[in-house]
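Student: Hey, can we go through this one together? I'd like to start with empty space inside the protein, then move on to helix packing.

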Amino acid sequence: MTNPVKEIFSGNGASAGSAPPAPAALAAKVRTLAPSMTRSMQRVAEAVAANPAGCAALTVTGLAELTGTSEATVVRTARLLGYPGYRDLRLALAGLAAHQQSGRAPAVTADIAVDDPIADVVTKLAYDEQQTLADTAAGLDTVQLGAAVAAAATARRIDIYGAGASSLVGMDLAQKLLRIGLIAHSHTDPHLAVTNAVQLRAGDVAIAITHSGSTGDVIEPLRVAFDRGATTVAITGRPDGPVSQYADHVLTTSTARESELRPAAMSSRTSQLLVVDCLFIGIAQRTYETAAPALAASYEALAHRHSPRTR
């Protein structure tokens with residue numbers, strides 16, 4: 001019988017530093033950041049994602065002319081995507097073009113239709129979920145993630161704020177942290193969230209989860225926690241949103257396409273769950289000496305609920 005504690009903690013705990021995105025991750029980076037760009041920068045980003053081979057052959061002047069923008073806009077777009085300059089972006093575009101030529105094209109690209117057979121719904125949802133996870137992983141800043149993990153691993157207390165679908169993700173993170181012996185609370189009532197945030201101080205951690213980055217009921221307690229000296233973390237699909245003003249560390253989730261039958265809350269939940277799982281595993285690794293016994297004790301305490309009762 002496998003040991004669930006060992007399964008959760010298996011693997012290496014090394015973290016990587018910030019670096020320009022790999023060629024294969026460039027398209028995901030564009031999809032994630034495009035909504036927060038200016039319209040002129042969006043034109044550059046969309047052009048390089050749609051035709052990496054063609055754009056790789058262009059000078060900075062050529063790409064500016066192609067997109068009806070300026071050379072400065074092209075350079076700013078390259079930097080926002082994580083590259084020191086346009087030359088580095090061109091190299092990545094060439095690599096992406098080669099990757100696309102050697103790999104197979106996605107088999108599923110269409111939105112879910114009202115009259116789709118259920119088998120097609122399953123296939124399309126599975127593809128979209130995989131793409132969302134890949135985009136989130138590609139855009140997640142591991143330096144920011146590592147800093148958030150370090151703060152939470154030594155925190156006296158962790159408060160988590162979320163509304164709607166994001167509150168479900170917050171509750172998931174809180175119950176995971178509780179099972180490894182940390183004091184963590186997920187607040188869904190905005191009044192209670194603020195009154196609890198008032199009690200935070202340096203050495204505590206507050207985590208806000210908001211896909212839009214502009215949910216007032218989530219931003220307000222995070223602001224209070226920030227003002228009280230707690231370390232603050234924002235998990236958001238809009239890193240340029242208002243929530244980031246009060247976040248010491250920002251963890252960006254994927255911004256997937258929204259359709260009539262697939263609202264943003266579905267894709268955002270998928271990407272948020274990946275980020276909180278990364279947070280949890282990182283914290284558990286850092287607190288292994290206390291986390292492993294606590295997790296084992298929680299399994300033991302619940303074991304009788306998963307086996308037949310004896311008379």
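Tutor: Sure, and keep in mind that this is a predicted model. One term before we start: a cavity is a set of grid points where a 1.4 Å probe fits but cannot get out.

Student: Okay, how many cavities of 30 Å³ or more does a search of the whole structure find?

Tutor: The search turns up one cavity of that size. Its volume is about 40 Å³.

Student: Which residues line the largest cavity?

Tutor: Its lining is made of Tyr161, Gly162, Ala163, His187, Thr188, Asp189, Pro190, Ala193, Asp217 and Val218. The elements giving two or more residues to that lining are β1 (158-162), α11 (190-197) and α12 (216-227).

Student: And what's the lining like by class?

Tutor: Five nonpolar, three polar and two charged residues.

Student: You mentioned two helices there. At what angle do α11 and α12 pack?

Tutor: About 10°, and their axes are 8 Å apart. Angles under 35 degrees count as roughly parallel, so α11 is roughly parallel to α12.

Student: Which residues of α11 and α12 meet?

Tutor: From α11 you have Pro190, Ala193, Val194 and Ala197, and they meet Asp217, Glu220, Pro221, Val224 and Ala225 of α12. By class, that contact has seven nonpolar, no polar and two charged residues. Pro190, Ala193 and Asp217 should sound familiar, as they also belong to the cavity lining.

Student: Switching helices: at roughly what angle do the axes of α2 and α8 cross?

Tutor: Roughly 90°, where the axes of α2 (residues 26-33) and α8 (residues 118-139) come within 8 Å. That falls in the 65 to 115 range, so α2 is roughly perpendicular to α8.

Student: Who makes the contact between α2 and α8?

Tutor: On the α2 side, Ala28, Lys29, Arg31 and Thr32; on the α8 side, Gln131, Asp135, Ala138 and Gly139. The classes there are two nonpolar, three polar and three charged residues.

Student: Last topic, His249. Which strand is it in?

Tutor: His249 is in strand β5, which covers residues 249-252.

Student: Is His249 buried or exposed?

Tutor: His249 has a relative accessible area of 15%. Buried means under 20%, so His249 counts as buried.

Student: What does His249 touch, leaving out residues up to four places away in sequence?

Tutor: Its contacts are Gln144, Ala147, Ala148, Thr231, Thr232, Val233 and Ala234.

Key: Residues are numbered from 1 along each chain as its sequence is written. This is a predicted model: local features need pLDDT of at least 70, side-chain atom pairs count only at pLDDT 80 or more; totals for chains, interfaces and linings use all residues. Side-chain values use heavy atoms; hydrogens and water are left out. Axes are lines fitted to C-alpha atoms, for helices over the stretch in contact, and angles run from 0 to 180 degrees between N-to-C directions. Helices (H or I, at least four residues) and strands (E, at least two) are DSSP runs, numbered from the N terminus. Angles under 35 degrees count as roughly parallel, over 145 as roughly antiparallel, 65 to 115 as roughly perpendicular and the rest as oblique. Contact means heavy atoms within 4.5 Å. Ala, Val, Leu, Ile, Met, Phe, Trp, Tyr, Cys and Pro count as nonpolar, Asp, Glu, Lys and Arg as charged, and the others, Gly among them, as polar. On a 1 Å grid over the protein atoms alone, a cavity is a set of points where a 1.4 Å probe fits but cannot get out, and a pocket is an open set with protein on both sides within 12 Å along at least five of seven lines; lining residues have an atom within 4 Å of a point. Grid points are joined across faces, edges and corners, and a volume is the space filled by probe spheres set on the points. Buried means under 20% relative accessible area, exposed over 50%, partly exposed in between (1.4 Å probe, protein chains only).
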